[in-house]
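Here are my notes on this entry, set out as numbered points. Please read them with the structure open.

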Amino acid sequence: MSMLSYQHFPIYAILVLFLGAFVITAFGRKPTVRHIVAMLCASCSLLLLLALITPVMLRGETIAYWLGNRVPAGGYAIGIALEVDALNLFFGLLVTLALFVSTLYSLQYMTRDEHQGEYYTLLMLLGGGVLGMVLSGDIFNMYVMVEILTFSAVALTAFRSKVYGALEAAFKYLVVGSIGSTCILAGVIMLYAQAHTLNFAQLSALIPGNMTPATKVAFALLLVGFATKSFIVPFHPLAADAHGAAPASISVLISGVLTKSGLYGIIRLVYMLFGTMQLGSIQLMLVFVGSVSMFVCVTMALAQHDFKRLLAFHSISQIGYVLTAVGLATGLGLSAGLYHAMNHTLFKGLLFLAAGAVLHETGTTDLDKLGGLSKRMPHTTVLFLIGAFSISGIPPFNGFASKWMIYQATYQKAVESGNIGYVLVTVVALVTSTLTLASFVKVTQSVFFGQLPKELENVKEVPIGMRLAMGVFALLCVLTGLFPNLVTTYLTEPASRAALDALGYINSMMGAGYAESVMANPPAALAVNFAASGVWAPVNWLLLLCVTLLGVTVVASLGKYESVSEHSGERVSAKYQLFYGGEENWDAQVGGGDMFWGFKHNWRHYFSFMHDLHSGIVNDYAQWALVALALAVVYLQIVL
């Protein structure tokens, strides 16, 4: 096989990033050298994976690359392998795209920082770690890559060590991230003790028919370990701290890449390694956690006063959409979830870069200190609005297309299963989308419109390189929204088929017929149907919307309306009083804390509870991880 054959491209894509980290450390003292090396490495890695779209996505090939050419012998995997099917190529493309744009943005964004050589070294290590984890066909090698990406992310979170809270955020990330990594390692050890192999495909053939109590514990360990990397509830506070402290270029990778690595791990676990997605109890678990994540995090976003922390909570809310769709175990649901995962990388990357542009020029991300920046940063404003429209599900941007598919998939699951609970999931998703739109109305008003503070009158537009990086994401947000059929046909549906075809995955790695010869009862293939049923005709959609609005109205009517004036000791600011003319309140600026003041007041008991629950103490978050692990162990012992 020629060294230029596309069969070698997966290992080249990983090695070029690690090699770039070494070259930057050794020879990158001059900015020009490290910039060229970083851009070359990020570009080459992206191009190498783009070249695999034709053979893997379009022709349906699976690349099994055995390091040292140590192919399986006698039905036993004896070497480390990379495996590239449509599923992990899909995630690999997201990783390399986000890394390329982040590197491009960094060239001018990081010019005011010290120790840039170390920054680009860690950036390449982070990209290589995530890509290696996604493309690995060996579960222990996945763990090694998880360690690389975790410690790279921790170091980059603390990179601006003089920023308030940076070291604290990095320490929290280190502690809870290490708990997650330890869970993964412990799960790997338990599986190896049972099956005496580390090859993911071979484990996927040996484990499903031999589910012992120890295997169920290993399942729980791995599930919680990967959940910490995706920051789903109850690990969501880590995302807010990390995003708030890290440079915006790194927030793009934490939000758009690290979360996807955790999701990828969960998909591989439940669909292939343990083969449990045929069980309604596992579907219920994923859908429940996803629904809680999407709703809790969007409400927490509404209460934020910091631009980047608000985006961080929205990030996990959108990951909740993805996990919910993945948990449906249907072709349409999985395709919708992957579509939204891709869109999340695009629009959330764009939004974080816009927040970074604001910070770069104003020195703050405090929503109460900003306003009117559209007058000074018109290009950034337009690019931000594209991202805001996308995440809010406004047509014709990409968020609308994937959210619409998720609504269809959850409602269709309710119809096909007869479980009315999935209708509630549809409603939760709709309400979450509405709250997301409301939240971005707040951000848009607080940052880009309204009055321009005097101290920001000299603000100017960011350099062209930063705008170009934002423009890449913005263009893709538009294109993937205008042409959803192309996205589903050539990207998400091939990836979904790969995830649903556990036997094909095993045989592609271990040889034709291996799965059937080893597994006593090979699992029946999950249904692969990407067509939405007729329940989503426009009339039915209108009826569902009316029922949802009616339910919200009834709940609001039954609750007692309370105003601030009803409580003694609370003073009403003139800013919040109604007026119908005159100039008295003309100069009252609507800040980040004012836009939904009434909403937050009426929900003050909920927000007070959430405030008390999120103490900010790392010991509490570590305990959350242990409680989540205990609950997962007990639940899986009962239902499996």
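1. Helix H25 spans residues 618-639 and holds both Tyr 621 and Trp 624, which sit 3 residues apart, about one turn of the helix. The model is a predicted one. Both side chains belong to the interior class: Tyr 621 is buried, and Trp 624 is buried as well.

2. The ring centres of Tyr 621 and Trp 624 lie 5.2 Å apart with the planes at 65°, so this pair is edge-to-face; the cut-off for that class is over 60 degrees. The whole structure contains 15 aromatic pairs. Elsewhere, ring pairs join Phe 307, Phe 384, Phe 440 and Phe 448 into a cluster.

3. On the surface, Leu 58, Leu 475, Leu 479, Leu 482, Phe 483, Leu 486 and Tyr 490 form a nonpolar patch of about 660 Å². Two elements, helix H18 (464-482) and helix H19 (484-500), each give two or more residues to this patch. H18 supplies the largest share, with 3 residues.

4. Tyr 490, one of the patch residues, is located in helix H19. Its relative accessible area is 42%, so Tyr 490 is classed as partly exposed, a class that runs between 20% and 50%.

5. How many disulfides does a search of the whole structure find? The search returns 0. For Cys 44, the nearest cysteine sulfur is that of Cys 41, at 6.8 Å; a disulfide needs the two sulfur atoms within 2.5 Å, so Cys 44 is in none.

6. Two cysteines can be set side by side for burial. Cys 44 has 32% relative accessibility and therefore counts as partly exposed, whereas Cys 477, at 0%, counts as buried.

Definitions and conventions: Residues are numbered from 1 along each chain as its sequence is written. This is a predicted model: local features need pLDDT of at least 70, side-chain atom pairs count only at pLDDT 80 or more; totals for chains, interfaces and linings use all residues. Side-chain values use heavy atoms; hydrogens and water are left out. Patches are made of residues with over 30% relative accessible area and no salt bridge: like charges are joined within 9 Å, nonpolar side chains (Val, Leu, Ile, Met, Phe, Trp, Tyr) within 5 Å. Accessible areas come from the Shrake-Rupley method with a 1.4 Å probe; for residues, only the protein chains shown count as cover. A salt bridge is a side-chain nitrogen of Lys or Arg within 4 Å of a carboxyl oxygen of Asp or Glu. Helices (H or I, at least four residues) and strands (E, at least two) are DSSP runs, numbered from the N terminus. Buried means under 20% relative accessible area, exposed over 50%, partly exposed in between (1.4 Å probe, protein chains only). Rings of Phe, Tyr and Trp (its six-membered ring) pair if their centres lie within 6.5 Å; planes under 30 degrees apart count as stacked, over 60 as edge-to-face and the rest as tilted.
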